[in-house]
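Me: I have a chain open in my viewer and would like to talk through its layout with you. Shall we take it one question at a time?

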Amino acid sequence: MEIKKAEPIEATNFIEHEINKDILAGKIHGGIQTRHPPEPSGYLHIGHVRNIVMNYGTAKKYGGVCNLRYDDTNPLKEKQEYVDALQEDVQWLGFKWGNIYHATDYFQANYEIAVKLIKEGKAYVCDLSPEELSATRGTLTEPGTNSPFRDRSVEENLDLFERMKNGEFEQGSRCLRAKIDMASPNINMRDPVIYRIQYLEHQRIGRQWNIYPSYDFSHPLDDCLEGVTHSICGLEFEDHRPLYNWVVENSGLPNKSRQIEYSNLLIKNTVSGKRNIKKLVEEGIVWGWDDPRLITLRGLRRRGILPQSLIDFVVAAGLSKTTTICEKEMLDFFVRNTLNEKSRRVMAVLDPIKLVITNYEGEGEEILLEDYPQRGEETTKRSYVFGKELLIERSDFEVTPPPKYHRLYVGNKVRLKGAYVVTCTGYDLNEDGSVKCVYAEYDKDTKSGSGVEVKVKGTIHWLNAKHATRVEVRKFDNLIADGEGSTSERAEIGEVVYNKDSVHINKNAYVEAGVDYNLADRYQFMRNGYYALDCEDSKPEALVFNEVVGLKGSYKPEAK
RNA sequence: UGGGGUGUCGCCAAGUGGUAAGGCAUGGGAUUCUGACUCCCACAUUCGAGGGUUCAAAUCCUUCCACCCCAGCCA
């Protein structure tokens, strides 16, 4: 891959400002390099999109490269399943990595640097148990105390570390610690553990290693080894930065990567965070990682949300160091925006009532409907059948219309999308008082495309009762955290109540006959910004539609 | 009560001493064969609060307040 020598660009966020400063200060000798370092311990969700956009996007803007690196230093949590899914999801988003690396690729190098640190007296093997170690770490307000093993000789440390590597000791019995400062006000600097013993089957390298470097040790090293110039990560690592720098400085590696932190992106009242989502999956509260009620990439995808919307949303949300909790409406806007641009339109009726065109004679006639009206003249068209007996949306007729209602009521004219202008003449009621059937007369001169202009205030969508396919429509709500307040905004599991009725199944919806729901295409319902789609993973007859797209600007009877 | 961060419109967010960008949401209007889209117009005399420096401060100093993160051999 061609890598451009770093030059300042017009900064759109504080990270770019920082990078520009580094370039101007002459700290960058080649191109900009970043990395996307997920731990394969779960599926990607919308919060990760910011990280992905930052890393891949920033590298791209500078003409540099972003590599994908699996941060697989903890076999306990990681699975091949997640490794595979991660790549698919990043590709689905449309980002391209330079190379794929694994933290495990650097285990030998990490090990050698650890040995070097031991030789320099900067690391030591500690025999304290995890409990003992914790007890000597001190507290937030009190300093820790030195380990009794802190001043072991280099020879003894070397020997012990070698034997840890060879698997001679029990898990948890010993660890390698960096010798920094037990009195540091920053707890991360109180002789952090940099290697631990673990006899676990690693999803990638099996039982090759008995010792595993910790994140704090391997991450900065891997960054430097790989040539990363800027290691962009979450705010939670901010107070690890001194340790990051300590490792970089003491590694002896020529490339000095710099860590820059930014805040995470959350959506208000949604359950976010890999750990939280995982819990929902494991406890069976949702169907899986791709449950459409979830904000995982796969969940959003099954809801019909396109990757472009997510990227646009994240870019629009900007970047800062304050915790970003966006309202769902903001995401909705970008979802609508992309869908509006890309979806193929199709007529559908979610809650049907019959409309009879009393003066219509004959078996029916062909009409043409635009597939993509947003493309203007470029659009393809499909053929559909107009007839005597139609289905319309229940909400498109009112017995006693509220003020400013301009759809169907007795005496009112309305255009049937793509077909004729009709005048409502009457209706039948069921025994329970609900509307059974609506009657109307059509004006044969008003066919769409005929050039005859009739001013009507409403246009409604419809289906031919004989040429409509009954489909199951499922509506998914975000699985939301309970109510207001900072705790629930963060959507911590265990502290929140979930909306119970988050899936709405409507088996009485209809769409145009002949529409192929196996296509990986998006369809937009006729009015109100409802979108329907088939999703690859769902059953062919299942049509998912998402309310996330909202009902912007629809008729509000309460508004005068 | 230790350390590290953050506080600019209902929600995001620019701004880095020269007199408050933009997006979402909202309200109003135009247009419309989707009450969608599009298009106009409105929307912070004020930047967590109080002091101070300066001709001039959201930007500098200072005191205070609020919230977030850190005591895994997790990342």
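**Domains, a helix pair and some loop residues**

Me: Which distance separates the centres of domain 1 and domain 3, taken over C-alpha atoms?
Reply: Happy to help! This is a predicted model, in which local features need pLDDT of at least 70, side-chain atom pairs count only at pLDDT 80 or more, and totals for chains, interfaces and linings use all residues; side-chain values use heavy atoms, with hydrogens and water left out, while residues are numbered from 1 along each chain as its sequence is written, and chains are lettered from A and ligands numbered from 1 in the order in which they are written. Chain A is divided into domain 1 (14-262), domain 2 (263-345 + 467-560) and domain 3 (348-461), with bounds from an automatic or database domain assignment. Between the centres of domain 1 and domain 3, over C-alpha atoms, the separation is 64 Å.

Me: Is H7 oblique or roughly parallel to H8?
Reply: Helix H7 (residues 215-226) packs on helix H8 (residues 241-251) at about 55 degrees, with the axes 9 Å apart. Angles under 35 degrees count as roughly parallel, over 145 as roughly antiparallel, 65 to 115 as roughly perpendicular and the rest as oblique. The angle therefore makes H7, relative to H8, oblique.

Me: How many nonpolar residues are in the contact of H7 with H8?
Reply: On the H7 side, Asp216, Phe217, His219, Pro220, Leu221, Asp223 and Cys224 meet Leu243, Tyr244, Val247, Val248 and Ser251 of H8, where contact means heavy atoms within 4.5 Å. Ala, Val, Leu, Ile, Met, Phe, Trp, Tyr, Cys and Pro count as nonpolar, Asp, Glu, Lys and Arg as charged, and the others, Gly among them, as polar. By class there are 2 charged and 2 polar residues, and the nonpolar ones number 8.

Me: Is Asp191 buried or exposed?
Reply: Asp191 sits in the loop between strand E5 (175-178) and strand E6 (193-197). Its phi is positive, near 45 degrees, in a residue other than glycine. Buried means under 20% relative accessible area, exposed over 50% and partly exposed in between (1.4 Å probe, protein chains only). With a relative accessible area of 0%, Asp191 is buried.

Me: And Lys404, buried or exposed?
Reply: Lys404 lies in the loop between strand E17 (389-393) and strand E18 (413-416). Though not a glycine, Lys404 has a positive phi of about 65 degrees. At 62% relative accessibility, Lys404 counts as exposed.

Me: What separates the C-alpha atoms of Tyr43 and Leu297?
Reply: Tyr43 is in the loop between strand E1 (33-36) and helix H2 (46-61), and at 8% relative accessibility Tyr43 counts as buried. Not counting residues up to four places away in sequence, Tyr43 touches several residues, including Trp289 and Arg298. Tyr43 and Leu297 are 254 residues apart along the chain, yet their C-alpha atoms are separated by 7.7 Å.

Notes: Axes fitted to C-alpha atoms, helices over the stretch in contact; angles between N-to-C directions. Helix = DSSP H or I, 4+ residues; strand = E, 2+ residues; numbered from the N terminus.
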